[in-house]
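Please study the sequence and the model shown below before reading on. The paragraphs that follow lead from local details to the chain as a whole.

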Amino acid sequence: MLKRLTLFIVIINLFIIGCNKPLNGWNKHVHDEDVLNAQKAITEQLLRKHIGTLASDEFEGRFPGTVGEEKTVEYLSATFKDIGLKPGNPNGTWVQKATMTGVDSDLKAQFITDDERWVMNVGGDIIGNSFQTQSQVNIIKKDIVFCGYGVNAPEYGWNDYDGIDVKGKVVVVLVNDPPVMKNGSLDESMFGGNAMTYYGRWSYKFEEGLRQGAAGVIVVHETVPAGYPFAVLQGGYASEQLNIEDPNMTPLSFQGWVPLETAEKLFEMNGLNFHQSKESAVNADFKAMTMDAKFTSKISNSVRRFSSNNIIAKYEGSDPILKDEYIIYTAHWDHMGINKKLDGDKIYNGANDNALGTGLVMAAAEAFTNLKNGSKRSILFLAVTAEEQGLLGARYYGINPLYPLEKTVAVINIDAMGNTFGRTKDLIVVGKGNSELDYILEMAAAQDGKYLIPDAEPEKGFYYRSDHFEFAKQGVPALYADGGIDVVGKGAEYGYKKKDEYTYENYHALSDEVKDDWDYSGMVEDGRILFRVGYAAGQHSKWPEWSDGTEFKSKRIEMLKNYKY
Ligand SMILES: [Zn+2]
(Lines give C-alpha, C1' and ligand atoms only; values in the text may rest on other atoms or scores of the structure.)
Protein backbone atom coordinates (compact mmCIF):
# COMPACT_ATOMS: atom_id res chain seq x y z
CA MET A 1 0.00 0.00 0.00
CA LEU A 2 2.63 2.41 1.12
CA LYS A 3 4.70 1.51 -1.89
CA ARG A 4 1.87 2.17 -4.31
CA LEU A 5 1.39 5.56 -2.74
CA THR A 6 5.10 6.32 -3.11
CA LEU A 7 5.01 5.31 -6.74
CA PHE A 8 1.99 7.52 -7.31
CA ILE A 9 3.74 10.50 -5.73
CA VAL A 10 6.85 9.87 -7.80
CA ILE A 11 4.83 9.76 -11.00
CA ILE A 12 3.11 13.02 -10.10
CA ASN A 13 6.53 14.53 -9.37
CA LEU A 14 7.89 13.38 -12.70
CA PHE A 15 4.88 14.84 -14.40
CA ILE A 16 5.37 18.21 -12.75
CA ILE A 17 9.10 18.24 -13.43
CA GLY A 18 8.57 17.02 -16.97
CA CYS A 19 5.93 19.51 -17.92
CA ASN A 20 6.49 22.70 -16.03
CA LYS A 21 10.13 23.20 -15.28
CA PRO A 22 13.04 23.56 -17.64
CA LEU A 23 15.94 21.33 -16.66
CA ASN A 24 18.23 23.11 -14.27
CA GLY A 25 20.86 22.52 -11.64
CA TRP A 26 21.70 18.90 -10.97
CA ASN A 27 18.81 17.76 -13.13
CA LYS A 28 20.28 19.57 -16.11
CA HIS A 29 23.69 18.00 -15.55
CA VAL A 30 22.46 14.42 -15.37
CA HIS A 31 21.16 15.08 -18.88
CA ASP A 32 24.38 16.59 -20.29
CA GLU A 33 25.24 15.08 -23.66
CA ASP A 34 28.80 14.53 -22.50
CA VAL A 35 27.79 12.38 -19.52
CA LEU A 36 25.29 10.39 -21.59
CA ASN A 37 28.04 9.53 -24.06
CA ALA A 38 30.74 8.87 -21.51
CA GLN A 39 28.58 6.47 -19.48
CA LYS A 40 28.69 4.01 -22.38
CA ALA A 41 32.06 2.95 -20.96
CA ILE A 42 30.15 1.14 -18.21
CA THR A 43 29.35 -2.16 -19.90
CA GLU A 44 28.57 -5.74 -19.01
CA GLN A 45 31.87 -6.79 -20.51
CA LEU A 46 33.87 -4.39 -18.34
CA LEU A 47 32.01 -5.34 -15.17
CA ARG A 48 32.43 -9.05 -15.92
CA LYS A 49 36.15 -8.47 -16.21
CA HIS A 50 36.59 -6.47 -12.99
CA ILE A 51 34.22 -8.52 -10.83
CA GLY A 52 35.44 -11.79 -12.30
CA THR A 53 39.07 -10.90 -11.60
CA LEU A 54 38.56 -9.60 -8.05
CA ALA A 55 36.27 -12.50 -7.09
CA SER A 56 38.50 -15.15 -8.64
CA ASP A 57 40.11 -17.80 -6.41
CA GLU A 58 43.48 -16.30 -7.30
CA PHE A 59 42.59 -13.26 -5.16
CA GLU A 60 41.99 -15.56 -2.18
CA GLY A 61 38.99 -13.72 -0.79
CA ARG A 62 40.90 -10.40 -0.50
CA PHE A 63 41.67 -10.46 3.23
CA PRO A 64 43.73 -7.46 4.47
CA GLY A 65 47.41 -8.24 4.87
CA THR A 66 47.47 -11.27 2.54
CA VAL A 67 48.52 -12.08 -1.02
CA GLY A 68 44.90 -11.25 -1.87
CA GLU A 69 45.56 -7.66 -0.79
CA GLU A 70 48.77 -7.44 -2.86
CA LYS A 71 46.93 -8.66 -5.97
CA THR A 72 44.04 -6.29 -5.40
CA VAL A 73 46.33 -3.28 -4.98
CA GLU A 74 48.18 -4.30 -8.12
CA TYR A 75 45.03 -4.84 -10.19
CA LEU A 76 43.32 -1.62 -9.17
CA SER A 77 46.33 0.64 -9.50
CA ALA A 78 47.28 -0.88 -12.88
CA THR A 79 43.73 -0.39 -14.14
CA PHE A 80 43.52 3.19 -12.86
CA LYS A 81 46.86 3.93 -14.47
CA ASP A 82 45.80 2.33 -17.78
CA ILE A 83 42.70 4.45 -18.08
CA GLY A 84 44.72 7.60 -17.47
CA LEU A 85 43.98 8.53 -13.88
CA LYS A 86 46.53 10.05 -11.53
CA PRO A 87 47.71 8.41 -8.31
CA GLY A 88 45.24 9.58 -5.68
CA ASN A 89 47.70 10.05 -2.84
CA PRO A 90 49.35 13.50 -3.09
CA ASN A 91 52.64 11.69 -2.32
CA GLY A 92 52.40 10.23 -5.83
CA THR A 93 51.31 6.71 -4.91
CA TRP A 94 48.12 4.76 -5.52
CA VAL A 95 47.68 3.84 -1.87
CA GLN A 96 47.11 5.28 1.56
CA LYS A 97 48.64 3.14 4.28
CA ALA A 98 45.99 2.67 6.94
CA THR A 99 47.61 1.83 10.27
CA MET A 100 45.51 -0.34 12.53
CA THR A 101 45.83 -1.50 16.06
CA GLY A 102 44.78 -4.94 17.19
CA VAL A 103 44.02 -5.08 20.92
CA ASP A 104 43.44 -8.18 23.01
CA SER A 105 42.07 -7.11 26.40
CA ASP A 106 42.02 -9.28 29.49
CA LEU A 107 39.38 -7.72 31.76
CA LYS A 108 38.60 -7.84 35.47
CA ALA A 109 35.67 -5.79 36.76
CA GLN A 110 33.74 -5.07 39.98
CA PHE A 111 30.79 -3.05 41.23
CA ILE A 112 31.40 -1.91 44.81
CA THR A 113 29.09 -0.40 47.46
CA ASP A 114 29.79 0.21 51.16
CA ASP A 115 28.57 -3.23 52.08
CA GLU A 116 28.88 -5.20 48.89
CA ARG A 117 31.55 -6.10 46.38
CA TRP A 118 30.40 -7.79 43.20
CA VAL A 119 33.32 -9.38 41.38
CA MET A 120 31.85 -9.94 37.96
CA ASN A 121 32.12 -13.00 35.83
CA VAL A 122 33.75 -11.54 32.72
CA GLY A 123 32.14 -12.84 29.54
CA GLY A 124 28.82 -13.44 31.33
CA ASP A 125 28.08 -10.50 33.67
CA ILE A 126 30.09 -7.99 31.68
CA ILE A 127 32.21 -7.75 28.55
CA GLY A 128 34.47 -4.98 27.37
CA ASN A 129 37.91 -3.71 26.55
CA SER A 130 40.01 -0.61 26.16
CA PHE A 131 41.71 0.61 22.99
CA GLN A 132 44.37 2.41 25.03
CA THR A 133 47.66 0.92 23.97
CA GLN A 134 49.54 0.68 27.26
CA SER A 135 49.74 -2.79 28.72
CA GLN A 136 47.71 -1.97 31.84
CA VAL A 137 44.60 0.24 31.88
CA ASN A 138 42.82 0.65 35.22
CA ILE A 139 39.77 2.42 36.58
CA ILE A 140 39.75 2.29 40.37
CA LYS A 141 36.53 2.87 42.35
CA LYS A 142 35.10 5.59 40.17
CA ASP A 143 31.60 7.07 40.42
CA ILE A 144 28.91 5.52 38.24
CA VAL A 145 26.42 7.85 36.57
CA PHE A 146 23.24 6.62 34.88
CA CYS A 147 22.92 8.89 31.84
CA GLY A 148 19.73 7.48 30.29
CA TYR A 149 20.24 6.97 26.57
CA GLY A 150 23.57 8.81 26.63
CA VAL A 151 22.42 11.14 23.86
CA ASN A 152 23.38 14.74 23.21
CA ALA A 153 21.29 15.81 20.20
CA PRO A 154 20.90 19.57 19.82
CA GLU A 155 18.56 19.22 16.82
CA TYR A 156 16.07 17.35 19.03
CA GLY A 157 16.62 19.57 22.08
CA TRP A 158 17.86 16.50 23.93
CA ASN A 159 20.90 16.24 26.21
CA ASP A 160 21.23 13.38 28.67
CA TYR A 161 24.50 14.90 29.91
CA ASP A 162 22.88 18.24 30.74
CA GLY A 163 23.82 19.49 34.21
CA ILE A 164 26.14 16.64 35.11
CA ASP A 165 29.91 16.42 35.03
CA VAL A 166 31.01 12.89 34.13
CA LYS A 167 34.73 13.65 33.78
CA GLY A 168 36.76 10.69 34.98
CA LYS A 169 33.58 8.80 35.88
CA VAL A 170 31.88 5.75 34.43
CA VAL A 171 28.56 6.23 32.66
CA VAL A 172 25.85 3.61 32.26
CA VAL A 173 23.64 4.12 29.20
CA LEU A 174 20.78 2.41 27.37
CA VAL A 175 21.04 1.07 23.84
CA ASN A 176 19.15 2.51 20.82
CA ASP A 177 17.43 5.90 20.44
CA PRO A 178 15.14 7.22 23.20
CA PRO A 179 11.73 5.80 22.16
CA VAL A 180 9.77 9.02 22.50
CA MET A 181 6.01 8.36 22.27
CA LYS A 182 3.22 10.52 20.99
CA ASN A 183 -0.45 9.49 21.07
CA GLY A 184 0.43 5.87 21.71
CA SER A 185 3.01 5.38 18.97
CA LEU A 186 6.61 6.41 18.28
CA ASP A 187 6.91 10.14 17.69
CA GLU A 188 8.01 10.43 14.06
CA SER A 189 9.54 13.84 14.70
CA MET A 190 11.96 12.49 17.33
CA PHE A 191 15.00 10.36 16.49
CA GLY A 192 13.63 9.20 13.15
CA GLY A 193 10.55 7.50 14.62
CA ASN A 194 10.92 3.82 13.83
CA ALA A 195 14.19 4.35 11.95
CA MET A 196 17.39 4.17 13.99
CA THR A 197 19.51 7.32 14.07
CA TYR A 198 23.20 7.37 14.82
CA TYR A 199 22.35 8.30 18.42
CA GLY A 200 21.05 4.78 18.81
CA ARG A 201 24.22 2.98 17.77
CA TRP A 202 26.54 1.60 20.42
CA SER A 203 29.53 3.24 18.76
CA TYR A 204 27.88 6.64 19.29
CA LYS A 205 27.37 5.86 22.99
CA PHE A 206 31.10 5.23 23.42
CA GLU A 207 32.08 8.29 21.36
CA GLU A 208 29.76 10.66 23.23
CA GLY A 209 30.94 9.36 26.61
CA LEU A 210 34.50 10.02 25.50
CA ARG A 211 33.61 13.54 24.31
CA GLN A 212 32.06 14.19 27.74
CA GLY A 213 35.32 13.16 29.38
CA ALA A 214 34.10 9.91 30.94
CA ALA A 215 36.69 7.28 31.85
CA GLY A 216 34.35 4.44 31.00
CA VAL A 217 31.07 3.72 29.23
CA ILE A 218 28.86 0.73 29.99
CA VAL A 219 25.99 0.04 27.57
CA VAL A 220 23.07 -2.00 28.87
CA HIS A 221 22.28 -4.71 26.34
CA GLU A 222 18.68 -5.65 25.61
CA THR A 223 18.00 -7.96 22.70
CA VAL A 224 15.13 -6.14 20.99
CA PRO A 225 16.49 -2.57 20.96
CA ALA A 226 20.04 -3.80 20.21
CA GLY A 227 18.77 -5.94 17.32
CA TYR A 228 20.88 -8.98 18.27
CA PRO A 229 21.37 -11.26 21.28
CA PHE A 230 24.10 -10.75 23.89
CA ALA A 231 25.86 -13.85 22.52
CA VAL A 232 26.83 -11.90 19.39
CA LEU A 233 28.77 -9.46 21.56
CA GLN A 234 30.31 -12.20 23.68
CA GLY A 235 31.73 -13.76 20.53
CA GLY A 236 33.10 -10.43 19.34
CA TYR A 237 34.86 -9.51 22.59
CA ALA A 238 36.39 -12.95 23.04
CA SER A 239 39.14 -12.23 20.53
CA GLU A 240 41.31 -9.41 19.25
CA GLN A 241 39.53 -6.15 18.39
CA LEU A 242 40.77 -3.82 15.67
CA ASN A 243 40.88 -0.07 15.97
CA ILE A 244 42.06 3.04 14.14
CA GLU A 245 43.96 5.38 16.42
CA ASP A 246 42.86 9.00 16.46
CA PRO A 247 45.85 11.20 17.30
CA ASN A 248 43.48 13.78 18.81
CA MET A 249 41.80 11.46 21.28
CA THR A 250 42.81 9.00 23.98
CA PRO A 251 40.35 6.10 23.93
CA LEU A 252 38.15 5.23 26.91
CA SER A 253 39.75 3.33 29.78
CA PHE A 254 36.80 0.98 29.62
CA GLN A 255 34.11 0.45 27.00
CA GLY A 256 31.78 -2.44 27.31
CA TRP A 257 28.38 -3.98 27.74
CA VAL A 258 26.36 -5.60 30.47
CA PRO A 259 23.34 -7.82 29.85
CA LEU A 260 19.96 -6.80 31.26
CA GLU A 261 20.36 -9.07 34.33
CA THR A 262 23.56 -7.27 35.38
CA ALA A 263 21.86 -3.88 34.98
CA GLU A 264 18.92 -5.04 37.10
CA LYS A 265 21.27 -6.22 39.84
CA LEU A 266 23.42 -3.08 39.72
CA PHE A 267 20.37 -0.83 40.10
CA GLU A 268 19.16 -3.02 42.97
CA MET A 269 22.51 -2.60 44.75
CA ASN A 270 21.73 1.12 44.66
CA GLY A 271 18.15 0.73 45.92
CA LEU A 272 16.81 1.49 42.45
CA ASN A 273 14.64 -0.31 39.94
CA PHE A 274 16.24 -0.54 36.51
CA HIS A 275 12.96 -0.61 34.61
CA GLN A 276 11.59 2.47 36.39
CA SER A 277 14.84 4.33 35.80
CA LYS A 278 14.75 3.31 32.14
CA GLU A 279 11.18 4.59 31.88
CA SER A 280 12.19 7.98 33.25
CA ALA A 281 14.97 8.25 30.64
CA VAL A 282 12.44 8.50 27.80
CA ASN A 283 11.55 12.06 28.85
CA ALA A 284 13.47 15.03 27.53
CA ASP A 285 13.63 16.45 31.09
CA PHE A 286 15.39 13.31 32.40
CA LYS A 287 18.29 14.13 34.70
CA ALA A 288 21.33 11.88 34.91
CA MET A 289 21.91 10.43 38.36
CA THR A 290 24.98 9.38 40.28
CA MET A 291 24.73 5.96 41.93
CA ASP A 292 26.11 4.90 45.31
CA ALA A 293 28.06 2.04 43.74
CA LYS A 294 31.56 2.52 42.29
CA PHE A 295 33.16 0.77 39.35
CA THR A 296 36.59 -0.79 39.10
CA SER A 297 38.08 -2.34 36.00
CA LYS A 298 41.57 -3.66 35.37
CA ILE A 299 42.58 -4.43 31.84
CA SER A 300 45.77 -6.09 30.60
CA ASN A 301 46.21 -5.26 26.94
CA SER A 302 48.33 -6.96 24.34
CA VAL A 303 48.67 -4.73 21.34
CA ARG A 304 49.92 -5.20 17.79
CA ARG A 305 50.13 -2.66 14.99
CA PHE A 306 49.91 -3.39 11.28
CA SER A 307 48.88 -1.59 8.16
CA SER A 308 46.77 -2.26 5.10
CA ASN A 309 46.06 -0.20 2.00
CA ASN A 310 43.29 2.08 0.90
CA ILE A 311 43.63 2.34 -2.88
CA ILE A 312 43.03 5.77 -4.36
CA ALA A 313 43.00 7.33 -7.83
CA LYS A 314 42.23 10.85 -8.96
CA TYR A 315 40.46 12.27 -11.99
CA GLU A 316 41.53 15.87 -11.97
CA GLY A 317 38.90 18.57 -12.35
CA SER A 318 39.09 21.01 -15.27
CA ASP A 319 37.99 24.17 -13.48
CA PRO A 320 40.92 26.14 -12.02
CA ILE A 321 39.08 26.72 -8.73
CA LEU A 322 36.62 23.85 -8.51
CA LYS A 323 39.32 21.26 -9.17
CA ASP A 324 40.25 21.68 -5.51
CA GLU A 325 36.83 20.37 -4.52
CA TYR A 326 36.17 16.64 -4.50
CA ILE A 327 33.55 14.00 -5.06
CA ILE A 328 34.58 10.60 -3.70
CA TYR A 329 33.35 7.23 -4.89
CA THR A 330 33.95 4.60 -2.22
CA ALA A 331 33.76 0.81 -2.22
CA HIS A 332 35.52 -1.62 0.09
CA TRP A 333 37.84 -3.97 -1.75
CA ASP A 334 38.34 -6.37 1.14
CA HIS A 335 36.40 -9.48 2.02
CA MET A 336 36.74 -12.43 4.39
CA GLY A 337 39.68 -14.32 2.91
CA ILE A 338 40.18 -18.05 3.32
CA ASN A 339 39.10 -20.42 6.05
CA LYS A 340 41.83 -23.05 6.01
CA LYS A 341 39.92 -25.28 8.42
CA LEU A 342 37.31 -26.06 5.79
CA ASP A 343 37.35 -29.01 3.40
CA GLY A 344 36.65 -28.36 -0.27
CA ASP A 345 35.95 -24.72 -1.15
CA LYS A 346 37.71 -22.53 1.42
CA ILE A 347 37.64 -19.18 -0.33
CA TYR A 348 35.21 -16.41 0.49
CA ASN A 349 35.23 -14.83 -2.96
CA GLY A 350 32.93 -11.94 -2.00
CA ALA A 351 31.62 -11.43 -5.52
CA ASN A 352 28.63 -9.31 -4.62
CA ASP A 353 30.28 -8.13 -1.37
CA ASN A 354 32.17 -6.27 -2.70
CA ALA A 355 33.97 -7.18 -5.92
CA LEU A 356 30.82 -5.88 -7.56
CA GLY A 357 30.96 -2.47 -5.86
CA THR A 358 34.69 -2.16 -6.50
CA GLY A 359 34.08 -3.08 -10.15
CA LEU A 360 31.37 -0.44 -10.45
CA VAL A 361 33.67 2.21 -8.98
CA MET A 362 36.42 1.20 -11.45
CA ALA A 363 33.91 1.32 -14.31
CA ALA A 364 32.69 4.76 -13.19
CA ALA A 365 36.33 5.89 -13.17
CA GLU A 366 36.69 4.76 -16.76
CA ALA A 367 33.50 6.58 -17.71
CA PHE A 368 34.90 9.81 -16.24
CA THR A 369 37.98 9.48 -18.44
CA ASN A 370 35.62 9.30 -21.44
CA LEU A 371 34.18 12.77 -20.79
CA LYS A 372 35.03 15.16 -23.61
CA ASN A 373 34.83 18.28 -21.50
CA GLY A 374 35.95 16.77 -18.24
CA SER A 375 34.48 17.43 -14.83
CA LYS A 376 34.77 20.80 -13.12
CA ARG A 377 35.48 19.28 -9.72
CA SER A 378 37.98 16.51 -9.12
CA ILE A 379 36.73 12.99 -8.64
CA LEU A 380 38.43 10.50 -6.30
CA PHE A 381 38.04 6.75 -6.51
CA LEU A 382 38.71 5.24 -3.11
CA ALA A 383 38.70 1.50 -2.58
CA VAL A 384 38.97 1.08 1.18
CA THR A 385 40.29 -1.79 3.24
CA ALA A 386 38.96 -3.70 6.25
CA GLU A 387 35.30 -2.79 5.94
CA GLU A 388 34.43 -6.27 7.13
CA GLN A 389 36.41 -5.59 10.34
CA GLY A 390 34.30 -2.52 11.14
CA LEU A 391 34.75 0.14 8.42
CA LEU A 392 38.41 0.55 9.39
CA GLY A 393 39.90 1.74 6.09
CA ALA A 394 37.17 4.34 5.67
CA ARG A 395 37.57 5.42 9.29
CA TYR A 396 41.28 5.82 8.74
CA TYR A 397 40.62 8.07 5.74
CA GLY A 398 37.98 10.03 7.72
CA ILE A 399 40.51 10.74 10.49
CA ASN A 400 43.46 11.21 8.09
CA PRO A 401 41.90 12.62 4.91
CA LEU A 402 44.22 13.06 1.92
CA TYR A 403 42.09 15.99 0.72
CA PRO A 404 40.34 18.39 3.11
CA LEU A 405 36.90 17.15 4.17
CA GLU A 406 35.61 20.72 4.06
CA LYS A 407 36.38 20.64 0.33
CA THR A 408 34.84 17.20 -0.09
CA VAL A 409 31.46 17.81 -1.68
CA ALA A 410 29.95 14.35 -1.47
CA VAL A 411 30.61 10.64 -1.07
CA ILE A 412 28.92 7.96 -3.18
CA ASN A 413 29.33 4.49 -1.70
CA ILE A 414 28.72 1.14 -3.35
CA ASP A 415 28.62 -1.97 -1.19
CA ALA A 416 26.97 -5.29 -2.00
CA MET A 417 24.67 -3.41 -4.33
CA GLY A 418 23.51 -6.77 -5.46
CA ASN A 419 21.66 -6.25 -8.68
CA THR A 420 22.50 -9.51 -10.42
CA PHE A 421 18.98 -10.32 -11.59
CA GLY A 422 18.09 -7.76 -14.22
CA ARG A 423 16.78 -4.24 -14.66
CA THR A 424 14.49 -2.86 -12.02
CA LYS A 425 11.94 -0.07 -11.94
CA ASP A 426 13.21 1.13 -8.58
CA LEU A 427 16.39 1.78 -6.62
CA ILE A 428 16.79 1.50 -2.86
CA VAL A 429 18.29 4.38 -0.91
CA VAL A 430 19.57 3.39 2.51
CA GLY A 431 18.97 6.36 4.81
CA LYS A 432 16.61 7.89 2.27
CA GLY A 433 15.93 11.54 2.93
CA ASN A 434 19.24 12.20 4.64
CA SER A 435 20.63 14.62 2.07
CA GLU A 436 20.14 16.37 -1.26
CA LEU A 437 22.17 13.61 -2.88
CA ASP A 438 18.87 11.72 -2.90
CA TYR A 439 17.45 14.42 -5.10
CA ILE A 440 20.30 14.09 -7.61
CA LEU A 441 19.84 10.33 -7.55
CA GLU A 442 16.10 10.73 -8.02
CA MET A 443 16.70 12.85 -11.12
CA ALA A 444 19.24 10.41 -12.54
CA ALA A 445 17.04 7.40 -11.77
CA ALA A 446 14.04 9.07 -13.39
CA GLN A 447 15.96 9.21 -16.67
CA ASP A 448 15.67 5.43 -16.75
CA GLY A 449 12.07 5.50 -15.55
CA LYS A 450 13.13 4.45 -12.06
CA TYR A 451 11.79 5.63 -8.73
CA LEU A 452 13.48 5.55 -5.31
CA ILE A 453 12.36 3.56 -2.32
CA PRO A 454 13.74 3.53 1.25
CA ASP A 455 15.32 0.38 2.64
CA ALA A 456 12.82 -2.00 4.19
CA GLU A 457 14.37 -2.15 7.67
CA PRO A 458 15.37 1.38 8.76
CA GLU A 459 15.19 0.28 12.41
CA LYS A 460 18.32 -1.83 11.82
CA GLY A 461 20.37 1.25 11.00
CA PHE A 462 22.03 0.00 7.80
CA TYR A 463 23.08 3.54 6.98
CA TYR A 464 25.64 3.22 9.79
CA ARG A 465 27.06 -0.07 8.55
CA SER A 466 29.09 0.74 5.46
CA ASP A 467 32.03 2.93 4.55
CA HIS A 468 30.20 6.12 3.56
CA PHE A 469 29.14 6.40 7.19
CA GLU A 470 32.68 7.25 8.30
CA PHE A 471 32.39 10.31 6.04
CA ALA A 472 28.86 11.15 7.20
CA LYS A 473 30.08 11.03 10.79
CA GLN A 474 32.71 13.62 9.92
CA GLY A 475 29.99 15.74 8.28
CA VAL A 476 30.39 14.96 4.56
CA PRO A 477 27.04 14.21 2.81
CA ALA A 478 27.08 10.58 1.73
CA LEU A 479 24.85 8.48 -0.47
CA TYR A 480 24.35 4.75 -0.10
CA ALA A 481 22.14 3.25 -2.79
CA ASP A 482 21.25 -0.37 -3.21
CA GLY A 483 19.89 -2.36 -6.15
CA GLY A 484 16.12 -2.26 -6.64
CA ILE A 485 13.41 -4.84 -6.06
CA ASP A 486 10.74 -4.25 -8.70
CA VAL A 487 12.25 -6.30 -11.53
CA VAL A 488 11.14 -5.34 -15.03
CA GLY A 489 8.74 -7.97 -16.36
CA LYS A 490 8.95 -10.06 -13.18
CA GLY A 491 7.74 -7.76 -10.41
CA ALA A 492 8.71 -7.04 -6.82
CA GLU A 493 7.92 -10.50 -5.52
CA TYR A 494 10.65 -11.91 -7.71
CA GLY A 495 13.05 -9.16 -6.60
CA TYR A 496 12.41 -9.87 -2.93
CA LYS A 497 12.92 -13.57 -3.57
CA LYS A 498 16.31 -12.88 -5.20
CA LYS A 499 17.36 -10.49 -2.41
CA ASP A 500 16.37 -13.00 0.28
CA GLU A 501 18.24 -15.69 -1.57
CA TYR A 502 21.36 -13.55 -1.37
CA THR A 503 20.84 -12.55 2.28
CA TYR A 504 20.15 -16.03 3.60
CA GLU A 505 22.25 -18.22 1.31
CA ASN A 506 25.17 -16.17 -0.02
CA TYR A 507 25.83 -13.22 2.31
CA HIS A 508 29.23 -13.73 3.97
CA ALA A 509 29.13 -17.33 2.73
CA LEU A 510 31.44 -19.33 0.46
CA SER A 511 28.74 -19.17 -2.20
CA ASP A 512 29.03 -15.40 -2.73
CA GLU A 513 30.59 -16.12 -6.12
CA VAL A 514 30.09 -14.93 -9.67
CA LYS A 515 27.24 -17.06 -11.02
CA ASP A 516 26.58 -18.13 -14.59
CA ASP A 517 22.98 -16.96 -14.40
CA TRP A 518 23.83 -13.38 -13.37
CA ASP A 519 22.01 -10.79 -15.44
CA TYR A 520 24.24 -7.70 -15.70
CA SER A 521 21.70 -5.35 -17.31
CA GLY A 522 20.44 -3.86 -14.03
CA MET A 523 23.96 -3.51 -12.67
CA VAL A 524 25.05 -1.63 -15.79
CA GLU A 525 22.05 0.68 -15.56
CA ASP A 526 22.54 1.35 -11.83
CA GLY A 527 26.27 1.94 -12.36
CA ARG A 528 25.51 4.52 -15.04
CA ILE A 529 23.01 6.24 -12.74
CA LEU A 530 25.60 6.56 -9.99
CA PHE A 531 28.11 7.83 -12.54
CA ARG A 532 25.66 10.56 -13.57
CA VAL A 533 25.05 11.45 -9.91
CA GLY A 534 28.77 11.96 -9.26
CA TYR A 535 29.17 13.86 -12.49
CA ALA A 536 26.26 16.21 -11.68
CA ALA A 537 27.63 16.81 -8.18
CA GLY A 538 30.92 17.67 -9.84
CA GLN A 539 29.38 20.21 -12.22
CA HIS A 540 26.65 22.12 -10.40
CA SER A 541 27.55 25.28 -8.47
CA LYS A 542 25.56 24.28 -5.41
CA TRP A 543 26.77 21.59 -3.01
CA PRO A 544 24.37 18.89 -1.85
CA GLU A 545 23.47 19.45 1.80
CA TRP A 546 22.25 17.35 4.69
CA SER A 547 18.51 17.55 5.28
CA ASP A 548 17.27 19.48 8.29
CA GLY A 549 17.14 17.36 11.41
CA THR A 550 19.81 14.87 10.35
CA GLU A 551 22.38 14.11 13.00
CA PHE A 552 25.27 15.11 10.70
CA LYS A 553 24.12 18.55 9.64
CA SER A 554 25.53 20.58 12.53
CA LYS A 555 28.97 19.03 11.98
CA ARG A 556 28.89 20.06 8.31
CA ILE A 557 27.85 23.63 9.10
CA GLU A 558 30.67 23.85 11.63
CA MET A 559 33.14 22.42 9.10
CA LEU A 560 32.15 24.85 6.35
CA LYS A 561 32.41 27.94 8.57
CA ASN A 562 35.89 28.57 7.26
CA TYR A 563 35.32 27.45 3.70
CA LYS A 564 32.84 29.20 1.46
CA TYR A 565 32.14 27.39 -1.74
ZN1 LIG B 1 30.33 -5.11 2.08
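A strand is here a DSSP run of E of at least two residues, and strands are numbered from the N terminus. By this rule K141 lies in strand β5. The model is a predicted one, and every value given below is computed from it.

Strand β5 is a suitable place to begin. The strand covers residues 136-146 and pairs with strand β14, residues 289-315, in the antiparallel sense over 8 bridges. Within this pairing, D143 has K294 of β14 as its bridge partner. Strand β5 also pairs with strand β8, residues 170-174, here in the parallel sense and over 3 bridges. In that second pairing, F146 stands opposite V172 of β8.

Two backbone details deserve attention. Most residues other than glycine have a negative phi, and most peptide bonds are trans. K141, in strand β5, has a positive phi of about 45° although it is not a glycine. The second detail concerns a peptide bond: D353 and N354 are joined by a cis peptide bond, with omega at about 10°. N354 has its place in helix α11, which spans residues 351-369.

The next topic is the packing of two helices. Helix α13, residues 437-447, packs with helix α16, residues 521-539, at an angle of about 130°, and their axes are 9 Å apart. Why is α13 described as oblique to α16? Angles over 145 degrees count as roughly antiparallel and those from 65 to 115 as roughly perpendicular, while angles under 35 count as roughly parallel and the rest as oblique. The angle of about 130° falls in none of the three named ranges, and therefore α13 is oblique to α16. The crossing in which α13 passes α16 is right-handed.

Which residues of α13 and α16 make the contact? On the side of α13 they are I440, L441, A444 and A445, and on the side of α16 they are I529, R532, V533, A536 and A537. Sorted by class, the contact of α13 with α16 has 8 nonpolar residues, no polar ones and 1 charged one.

Finally, the chain may be viewed as a whole. The protein chain contains 17 helices and 20 strands. Along the principal axes, its C-alpha atoms fill a box of roughly 75 × 55 × 50 Å. What radius of gyration would a compact globule of 565 residues have? The expected value is near 24 Å, and the protein chain has 24 Å, so the chain agrees with the expectation for a compact globule.

Notes
Residues are numbered from 1 along each chain as its sequence is written. This is a predicted model: local features need pLDDT of at least 70, side-chain atom pairs count only at pLDDT 80 or more; totals for chains, interfaces and linings use all residues. Axes are lines fitted to C-alpha atoms, for helices over the stretch in contact, and angles run from 0 to 180 degrees between N-to-C directions. Helices (H or I, at least four residues) and strands (E, at least two) are DSSP runs, numbered from the N terminus. A crossing is left-handed if the near helix is turned anticlockwise from the far one by less than a right angle, and right-handed if clockwise. Two residues are in contact if their C-beta atoms, placed from the backbone, lie within 7 Å. Ala, Val, Leu, Ile, Met, Phe, Trp, Tyr, Cys and Pro count as nonpolar, Asp, Glu, Lys and Arg as charged, and the others, Gly among them, as polar. Two strands pair if DSSP finds at least two bridges between them. The radius of gyration is taken over C-alpha atoms; the globule rule is 2.2 Å times the number of residues to the power 0.38.
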